[in-house]
Amino acid sequence: MSAAIRRDEPLVLGIETSCDETGIGIVRGRTLLSNTIASSMAEHARYGGVVPEVAARAHLEALQPAIEAAVAEAGVSLNDLDAVAVTSGPGLAGALMVGVGAAKSLAVALDKPLYAVNHLVGHIAADILTGDDVEYPTVALLVSGGHTSLLLVRDLVSDVEMLGETMDDAAGEAFDKIARILGLPYPGGPEIDRAAATGDPNAIRFPRGMSRASDMAAHRYDFSFSGLKTAVARWIEQREAAGEPVPVADVAASFREAVVDVLVTKALDACAQHGVPRLLLGGGVVANRRLREVALERAAAAGVAVRIPPLSLCTDNGAMIAALAAELIAGGAAPSTLAFGADSTLPVTEIQVRG
């Protein structure tokens, strides 16, 4: 594989296949040229959640046309690329393997350097594509269907610390499950958001997981939504057993408020405890209107600046993977070898997998 690579504004193609979205992005340094996403969400809807085998097959079918579309949108050719980047983990093992295999094949065929990077750190890198410099350190709250993580980012390419993560369901999974209980379609996040629009967020006081004093010593920055999910299900069961109608809008709004309260409270607590007046939000659940509202309102009161990338860059996408690789290249990082594989539990501290 060619050792020569342009460090000044490298042209990088990124491949992201960690879950149910096939993302291909092309960046030139910190400039976004294309962001193509092929989602298999409709195929999972019949099952009420992501099926790993279905996701892997969908990636196989979508990869080539997505790459062709991204290249066309960017107005470049594959031979113009300086490097190829891919998500090595974390994520669904089978889905990751599809992207890793494609990236290796593309890099070898083009004789281009290959960078295997961390999916979660990629979400942070998405923010540099907005054109503004990211100040460090920053606290990052990443909320998606598969991950709920609170990170301390001292440096994007060399120092990311996991402060806390979900102990059970990620926030996105909790939204999906409560939507199903309420008879709402998949995916649950947007449906809960719509139903909650006319509801009272204070109608029902649902529990805030991992927020009691007894939890704070060992799990100050960790999340748990299983107890909340059970509380909502039991509340609905009791109403139905009593022959009373279930106020869907109020339940949706109260559930959403409980999730948002925990997310924002723990994120701002991390900012305060680490003396960091900056909070970055990322992940698909950031599309939730109430989460953005509460984060901005409470952060302003706490003197914390909030950064939220465009929603198209919050969901899983290849552009964030390409952006992270471009930053690694600019910092002089050597390419990954072909020995790396898909790692479904890749720790956030491993920003680049060398192989």
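A residue counts as buried when its relative accessible area is under 20%, as exposed when that area is over 50%, and as partly exposed in between. The exercises below apply this cut-off and others to a predicted model.

**Exercise 1. Decide whether Glu257 is buried or exposed, and find which residues it is in contact with.**

Step 1. Begin with the location: Glu257 lies in helix α9, which covers residues 248-273.

Step 2. Compare its accessibility with the cut-off: the relative accessibility of Glu257 is 13%, and because buried means under 20%, Glu257 counts as buried.

Step 3. List the contacts, leaving aside neighbours within four places in sequence: Glu257 is in contact with Pro201, Arg208 and Arg290. With one of these residues, Arg290, the side chain of Glu257 also makes a polar contact of 2.9 Å.

**Exercise 2. For the salt bridges Glu327 to Arg30, Glu191 to Arg194 and Arg289 to Glu293, work out where the partners lie.**

Step 1. Recall the general idea that side chains of opposite charge can pair when their charged atoms come close. The structure holds 17 salt bridges, and three of them are treated here.

Step 2. Take the pair Glu327 and Arg30, whose side chains meet in a salt bridge with an N to O distance of 2.9 Å. Glu327 belongs to helix α12 (residues 318-330), whereas Arg30 sits in the loop between β2 (21-28) and β3 (31-39), so this salt bridge ties together parts that are 297 residues apart in sequence. Glu327 is buried, because its relative accessibility is 15%, while Arg30, at 38%, counts as partly exposed.

Step 3. Turn to Glu191 and Arg194, where the closest N and O atoms of the salt bridge are 2.7 Å apart. Both residues are in helix α6 (residues 188-196), and because they are 3 residues apart, about one helical turn separates them. Arg194 is exposed, with a relative accessible area of 53%.

Step 4. Treat Arg289 and Glu293 in the same manner: in this salt bridge the closest N and O atoms are 2.9 Å apart. The partners are 4 residues apart in helix α10 (residues 289-302), which again puts about one helical turn between them. Arg289 is partly exposed at 33%, and Glu293 is partly exposed at 34%. Salt bridges that share partners join Glu257, Arg289, Arg290 and Glu293 into one network, which leads back to the residue of the opening exercise.

Step 5. Connect steps 3 and 4 with a general rule: an α-helix has 3.6 residues a turn, so residues three or four places apart point the same way.

**Exercise 3. Check the span of helix α3, and say what covers its buried residues.**

Step 1. Work out the expected span, which is 1.5 Å times one less than the number of residues. For the 18 residues of helix α3 (residues 93-110) this should give 26 Å, and the C-alpha atoms at its ends are 26 Å apart, which agrees.

Step 2. Identify the buried residues of α3, among them Ala95, Leu96, Val98 and Leu110. Their cover includes β1 (11-16), α2 (52-74), β4 (83-89) and β5 (114-118).

Step 3. Look just beyond the helix: α3 is followed by Asp111, whose phi is positive, near 60°.

**Exercise 4. Describe how strand β9 is covered and which strands it pairs with.**

Step 1. Consider burial: in strand β9 (residues 278-282), 5 of its 5 residues are buried.

Step 2. Sort the residues by direction. In a regular strand the side chains alternate between the two faces of the sheet. In β9, Arg278, Leu280 and Gly282 point one way, while Leu279 and Leu281 point the other way.

Step 3. Find the partners. Strand β6 (residues 138-143) pairs with β9 in the parallel sense over 4 bridges, and Leu141 has Leu281 as its bridge partner in β9. Strand β10 (residues 305-307) also runs parallel to β9, to which 3 bridges join it, and here Leu280 stands opposite Arg307.

Step 4. Add the helix: β9, α10 and β10 together make a right-handed β-α-β unit.

Technical notes
Residues numbered from 1 in each chain as written. Predicted model: local features only at pLDDT ≥ 70, side-chain atom pairs only at ≥ 80, totals over all residues. Heavy atoms only, no water. Helix = DSSP H or I, 4+ residues; strand = E, 2+ residues; numbered from the N terminus. Buried < 20%, exposed > 50% of the residue type's maximum accessible area, 1.4 Å probe, protein only. Polar contact = N/O pair within 3.5 Å; in protein donor to acceptor, adjacent residues only side chain to side chain. Contact = heavy atoms within 4.5 Å. Salt bridge = Lys/Arg side-chain N within 4 Å of Asp/Glu carboxyl O. Pairing = 2+ DSSP bridges. Right-handed = clockwise from strand over helix to strand, strands pointing away.
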